[in-house]
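Please open the structure in your viewer and keep the sequence panel beside it. The tour below goes from one selection to the next and says what is found at each stop.

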Amino acid sequence: MTANIGDEVTLQCRVGNREGVLQWTKNGFGLGTDPKLPGFSRYTLTDDFALKINPVTKQDVGEFQCQVGAGDYSPPIRSRAAKISVQLPPGVPKILGGENGLVSVNEGETGLLECESAGGKPAAKINWSDESGKALKIDSVNSRTIKDDASGTFTTVSSLRFPVDQTMHNKTVVCSASNIASTAVQQTKVRVNVMYRPKVSLGINTGAGMVKEGSNVVLHCLANSNPPPYSYTWTKNGVIVPGEMGAYLALDQIDSSYHLAQIQCEARNSLGSALARTILNLQYRPKIGRASCRERV
């Protein structure tokens, strides 16, 4: 007989012309001849000698027999063994390597998550999804089971491989474990932290890059990256601007030397770097040199 945790099980025993005293045994150990079965609070001996177990727990796995002792005119007899197998719900799954509910992966690589659920009988089935229950974009899913011979339970390990891109950043991945022993589904989840190199654009406080001579200009190196950039480098026409290592470059009272100058910023994090550039279009008043004046005279 197979039962789930919490079920009620009744083992029948029919004896004709009984003379001796009847008792049940579990794995060869007598439960006693007192109909109340003291010491076994979940066991009940009915009027027709059936053994009722309620509720079933995993301690009830084993062989049960109905035995009748010898009488004046009959030898002792015993029934065939009745075997109880108890199905167990899977244990709460855990995602290996998910420290504090977070796993970090690099963009462009193949991510690997492993989820383990132990203690199920039969073995648990593991499913992967996002927090809303939708299936994930995956490369492959492989599962394996390991049996514990001592307890007869199983451990299921499922490996999920998935392509890592920014759409996975901060996405919650849910691992669910279930089997036929229970309608409950055990779950655990982890948040995916996608690490990616900077993506850079260059902003300027004048809008389209048209600036006037003598004005103050602020350029902003807009870097989207994870982790954030740890350094910035600014160049003017390929020459590093000294002392400028932040995300902003302030140019006070800009002069005509910046007309058509190429300004470039580079942002760098632990995964690499990226750059952006712009050409300044400077508006300035006409400048007349002395040689031109003599020619006019």
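Begin by selecting Val68 together with Ile77, its bridge partner in β8. Before going further, note that this is a predicted model, in which local features need pLDDT of at least 70 and side-chain atom pairs count only at pLDDT 80 or more, while totals for chains, interfaces and linings use all residues. Residues are numbered from 1 along each chain as its sequence is written, and side-chain values use heavy atoms, with hydrogens and water left out.

**Around β7**

Strands here are DSSP runs of E with at least two residues, numbered from the N terminus, and two strands pair if DSSP finds at least two bridges between them. Extend the selection to β8 (residues 77-78), which runs antiparallel to β7 and is joined to it by two bridges. Now colour the whole of β7, residues 62-68, where five of the seven residues are buried (under 20% relative accessible area, with exposed meaning over 50% and partly exposed in between, for a 1.4 Å probe and protein chains only).

Add β9 (residues 82-87), which pairs with β7 in the antiparallel sense over three bridges; within this pair, Phe64 stands opposite Ala82. Then add β3 (residues 22-26), whose antiparallel pairing with β7 extends over five bridges, and look for Gln23 opposite Gln67.

**An open sheet of four strands**

Next, select β10, β12, β15 and β14, which in that order form an open sheet with antiparallel pairing. The edge strands, each pairing on one side only, are β10 (94-96) and β14 (140-148). From one strand to the next, the twist averages 25 degrees, an angle taken between N-to-C directions on a scale from 0 to 180 degrees, with axes as lines fitted to C-alpha atoms. At the β10 edge, three bridges join this strand to β12 (residues 110-120), and Lys94 stands opposite Glu116 there.

**The nonpolar cores**

Finally, select Leu219, Trp234 and Leu251, which have the most contacts inside the largest nonpolar core, a group of 21 residues. A nonpolar core is a set of buried Ala, Val, Leu, Ile, Met, Phe, Trp, Tyr and Cys residues joined through side-chain atoms within 4.5 Å. Among the strands that each supply at least two residues of this core are β17 (186-204) and β19 (217-226). Apart from it lies another core, of 20 residues, including Val105, Val164, Cys175 and Tyr196.
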